[in-house]
Structures are given as C-alpha cells and as structure tokens.
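Colleague: Before we turn to anything else, I should like a close look at one part of this model. Please take the salt bridges as the starting point and work outward from there.

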Amino acid sequence: MSPDRAQGGVAIYPGSFDPVTNGHLDLITRGAKIFDRLVVAVAQNIDKAPLFSVNERVEMLEAVTFDMRNVEVDVFEGLLMDYARAKGAQAVLRGIRAVSDYEYELQMAMMNRKIEPEIETVFMLPAEAYSFLSSRLVRELALLGGLERLRELVPPVVEQHLRAKVG
Ligand code: PNS
C-alpha cells in the first residue's frame, strides 16, 4: 500500500442500523475523526425481518449525522466488498463491543479480505457505556413496554420513531 493511501481516505461503516443507537453514533463520531470521508451504509438485504424500513433507517441516520460534514448515509445491497470497491473505499469500519462480537467479526473480516484483499477492515471500540448496547435489545425494550428506559441508549429522533412504531 502506498503511503498516501495509508492516511485518511474513504471508509464504509456498514450495518443494519435497525435502528441506529448511541453506540453506532459513538462509532460514527470516532470514525469521522480518522477518515476523510465516512459512508454509513445501510444493508438492504438483511436476513432478519427489520422493524424499520430502509427509508426509515436512512432517515434516522441522516437526522443524527446531519452536522457531520464528512459523513454520508447510503444504502447497499449485495456484497459489501463490491459496494466498498465501487465507492472507492480503502477501509470498512466495524465496532467490537465485547469478546462475543469477535468471532463473527473475524469470520466476516476474513471472508471480506478473501473477496477484496485491498480493502482493510478496521475495528474500533465504542465508549464503555455502550458496550452492552445493540439494536436488537433496543427493539426488544421498545416492544416490551420499556420505551421510557431508552433515553440514554438512542438519539431522541430514534426514540420518537420507536414511540410512533410501537407506542
Ligand atoms: O449491523 P449488522 O447486522 O451486524 O451488519 C452486518 C452486515 C450488513 C455488515 C453484513 O451482514 C454484510 O456485510 N452483509 C452484506 C453481504 C456481505 O457482503 N456479507 C459478508 C461476506 S460473505
């Protein structure tokens, strides 16, 4: 890799974001400081039936990143590495919360490296306060009547969307 490509550049932060949490936002903020451009890419073809449509997920992400000048929100389908290559990205950003994330992330990173060896997976740690937080638990909390307890876990706009969806 040439030295100029080793600094900054474009990174893709892919995920389901169903919905975006404060943990995701923490990682986006950290990633935006390191990369010149960070593309938050919402996966369209996820196995699980999402609570929020792609448009809703994008809308929430755009709302929470509107003041981040080097962050954009996009949608992708198909292989992440095909998308990353088409975007001219040098890196894929993923968050690791606990050891339990590691095995899945390792498998995915190795498979992605096999598909596209030129694009690195970069792992970052969210703030400790979010090390237990996941979209799945947020959805569960909202669906089981715990909307009031979401305040420090998701941005206000997401809380509003959850309220509208399950309230
Ligand atoms: O937020 P998630 O659900 O952990 O995100 C997972 C995601 C969307 C990043 C991952 O499933 C993905 O990259 N899907 C696209 C298909 C792909 O390229 N899979 C990995 C190589 S086989």
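Colleague: At what relative accessibility does Glu 72 stand, and does it count as buried, partly exposed or exposed?

Modeller: The model is predicted, so local features are given only at pLDDT of at least 70 and side-chain atom pairs only at pLDDT 80 or more, whereas totals for chains, interfaces and linings use all residues. Residues are numbered from 1 along each chain as its sequence is written, and side-chain values use heavy atoms, with hydrogens and water left out.

Glu 72 has a relative accessibility of 26% and therefore counts as partly exposed (buried is under 20% relative accessible area, exposed over 50%, partly exposed in between, with a 1.4 Å probe and protein chains only). Its partner in a salt bridge is Lys 87, with 3.1 Å between the closest N and O atoms. That pair links distant parts of the chain, since Glu 72 belongs to strand β3 (residues 71–76) and Lys 87 to the loop between α3 (80–86) and β4 (91–95), 15 residues apart. A salt bridge here is a side-chain nitrogen of Lys or Arg within 4 Å of a carboxyl oxygen of Asp or Glu; helices (H or I, at least four residues) and strands (E, at least two) are DSSP runs numbered from the N terminus.

Lys 87 also forms a salt bridge with Asp 74, where the closest N and O atoms are 3.4 Å apart. Asp 74 is in strand β3 and Lys 87 in the loop between α3 and β4, so this pair ties together parts that are 13 residues apart in sequence. The two partners of this second bridge are both classed as partly exposed: Lys 87 has a relative accessibility of 25%, and Asp 74 a relative accessible area of 23%. Arg 37 joins Glu 72, Asp 74 and Lys 87 in a network of salt bridges.

The count of salt bridges by this rule is 15. Among them is the bridge between the side chains of Arg 97 and Asp 101, at 2.9 Å from N to O. Here the two ends fall in separate classes of accessibility: Arg 97, at 35%, is partly exposed, whereas Asp 101, at 13%, is buried.

To set these contacts in their surroundings, consider strand β2 next. Leu 38 is located in this strand, which spans residues 37–43, and its relative accessible area is 0%, so Leu 38 is buried. In sequence, 53 residues separate Leu 38 from Ala 91; in space, their C-alpha atoms are 9.6 Å apart. Another pair distant in sequence is Ser 16 and Ala 43, with their positions 27 residues apart in the chain and 5.3 Å from C-alpha to C-alpha. Ser 16 sits in the loop between β1 (10–15) and α1 (22–34), and with 19% relative accessibility it counts as buried.

Ser 16 leads on to the open space in the model. The largest pocket encloses about 1100 Å³. Its lining has 40 residues, and those closest to its centre are Gly 15, Ser 16, Lys 48, Arg 94 and Tyr 104. At least two lining residues come from each of β1, α1, α3, β4, α4 and α5 (135–143), with α4 giving the largest share, seven residues. By class, the lining of the largest pocket has 20 nonpolar, 11 polar and nine charged residues (Ala, Val, Leu, Ile, Met, Phe, Trp, Tyr, Cys and Pro are nonpolar, Asp, Glu, Lys and Arg charged, and the others, Gly among them, polar).

There is also enclosed space: the structure holds one cavity of 30 Å³ or more, and the largest cavity has a volume of about 30 Å³. Its lining consists of Val 92, Arg 94, Glu 105, Met 108, Ala 109, Asn 112, Thr 121 and Phe 123. Two or more of these residues come from each of β4, α4 and β5 (120–124), and α4 again has the largest share, here four residues. Four nonpolar, two polar and two charged residues make up this lining. Arg 94 thus belongs to the lining of the largest cavity and is also among the residues closest to the centre of the largest pocket.

On a 1 Å grid over the protein atoms alone, a cavity is a set of points where a 1.4 Å probe fits but cannot get out, and a pocket is an open set with protein on both sides within 12 Å along at least five of seven lines; lining residues have an atom within 4 Å of a point. Points are joined across faces, edges and corners, and a volume is the space filled by probe spheres set on them.
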